[in-house]
Amino acid sequence: MSAETLPEGLRRAVARLARTPRLLVVCDYDGTLSPIVADPTQAVPRPESMRALRSLADLPDTTTGLISGRALRDLAALSGLQAGENLHLIGSHGAELDAGFAQALDDDAQELRRRLEAGLAQLVGRTPGVLLETKPASIAVHVRRADPAVGESVLDAVRSGPARWKGVHVTEGKAVIELAVVETDKGAALDMLRHQADATAALFLGDDLTDEKAFARLAGPDLGVKVGPGESLAAFSVPDTGDVAVLLDYLLAERGAWLPGETRRSGD
Ligand SMILES: O=P(O)(O)OC[C@H]1O[C@H](O[C@H]2O[C@H](CO)[C@@H](O)[C@H](O)[C@H]2O)[C@H](O)[C@@H](O)[C@@H]1O
């Protein structure tokens, strides 16, 4: 696929964004860099997207990042990316910035997290196709591989049970409900990266409900791109992760072509 497959308005918006003095490029992981698959442990990113993100991070005045619902350790392992000065990894829907996150939870939160793990394990039992994904501050209940009626009744049981416990924060996603002991906000994480990079414009790409909190923070020269169908606050949408790869590659080409001239100008 080439950039011509992107809608013309989006191509123009990407070309404009590429000319911003200090650019921030942030992607969600599942459904954006990696296609949605039945087994969460097998979510492999599109290599073209990862190549483009790495190359963008190597350009001057360009910062990249992933903000994902994944635990940070899983995000690092699955993406194969190593965080660095211009490349940031943020897990747990924006809450997990570094390795010490779990230990930094207060005693009450750690205790609630333990109760959630035990309560959900008991509730879900050995229901075929239902999977618990444990993270430092949350437990996700996946029903993608369950019989649809069974999956729905498990989700309902979680919604009317542990999801109502005091101190529990609920996030619903694609065939998944997640119960966390801290509040999460991808938008706040995006703003933190923007501030850190002193970015003059940001691009955010995401496919799920939690990504809407990041789209909501975009303004002015920023660009939001929703991946897949559904309503969104993003100004543009593309059908799937293949288009994300094309978009990132196009952004890389446009910014790579722009920056040498820009550097010369600012050095005059
Ligand atoms: O914020 P993201 O990077 O998009 O992470 C959101 C959740 O993604 C994963 O679950 C989703 O993707 C799985 C693999 O494609 C799929 O099997 C599952 O049905 C989806 O809900 C991940 O497992 C979760 O921890 C993330 O919160």
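Why does the ligand lie between domain 1 (6-100 + 185-267) and domain 2 (106-180)? Both domains give residues to the shell around the ligand, so it lies between them. The model is predicted.

**Domains**

The chain is divided into domain 1 (6-100 + 185-267) and domain 2 (106-180). Their centres, taken over C-alpha atoms, are 28 Å apart. The contact takes 13 residues from domain 1 and 13 residues from domain 2. On the side of domain 1 that touches domain 2, the classes are 6 nonpolar, 5 polar and 2 charged residues.

**Ligand shell**

The ligand has 23 residues around it. Tyr-29, Asp-30, Pro-40, Ser-68 and Gly-69 come nearest. By class, the shell holds 9 nonpolar, 6 polar and 8 charged residues. Two strands, β5 (138-142) and β7 (176-180), each supply at least two residues of this shell.

**Strand β1**

Strand β1 (residues 23-27) is mostly covered, with 5 of its 5 residues buried. Leu-23, Val-25 and Cys-27 point one way. Leu-24 and Val-26 point the other way. In a regular strand the side chains alternate between the two faces of the sheet.

The pairings of β1 are set out below.

| Partner of β1 | Sense | Bridges |
|---|---|---|
| β2 (residues 62-67) | parallel | 5 bridges |
| β8 (residues 201-206) | parallel | 5 bridges |

Leu-23 has Thr-62 as its bridge partner in β2. From β1 the chain crosses through helix α2 (residues 47-58) to β2, and this β-α-β crossover is right-handed. Towards β8, Leu-24 stands opposite Ala-202.

Notes: Residues are numbered from 1 along each chain as its sequence is written. This is a predicted model: local features need pLDDT of at least 70, side-chain atom pairs count only at pLDDT 80 or more; totals for chains, interfaces and linings use all residues. Domain bounds come from an automatic or database domain assignment. Two residues are in contact if their C-beta atoms, placed from the backbone, lie within 7 Å. Ala, Val, Leu, Ile, Met, Phe, Trp, Tyr, Cys and Pro count as nonpolar, Asp, Glu, Lys and Arg as charged, and the others, Gly among them, as polar. A residue is near a molecule or strand if its C-beta atom, placed from the backbone, lies within 6 Å of it. Helices (H or I, at least four residues) and strands (E, at least two) are DSSP runs, numbered from the N terminus. A residue is buried if 20 or more other C-beta atoms lie within 10 Å of its own, exposed if 12 or fewer, and partly exposed in between; C-beta atoms are placed from the backbone. Two strands pair if DSSP finds at least two bridges between them. A crossover is right-handed if, with the strands pointing away from the viewer, the path from the first strand over the helix to the second runs clockwise.
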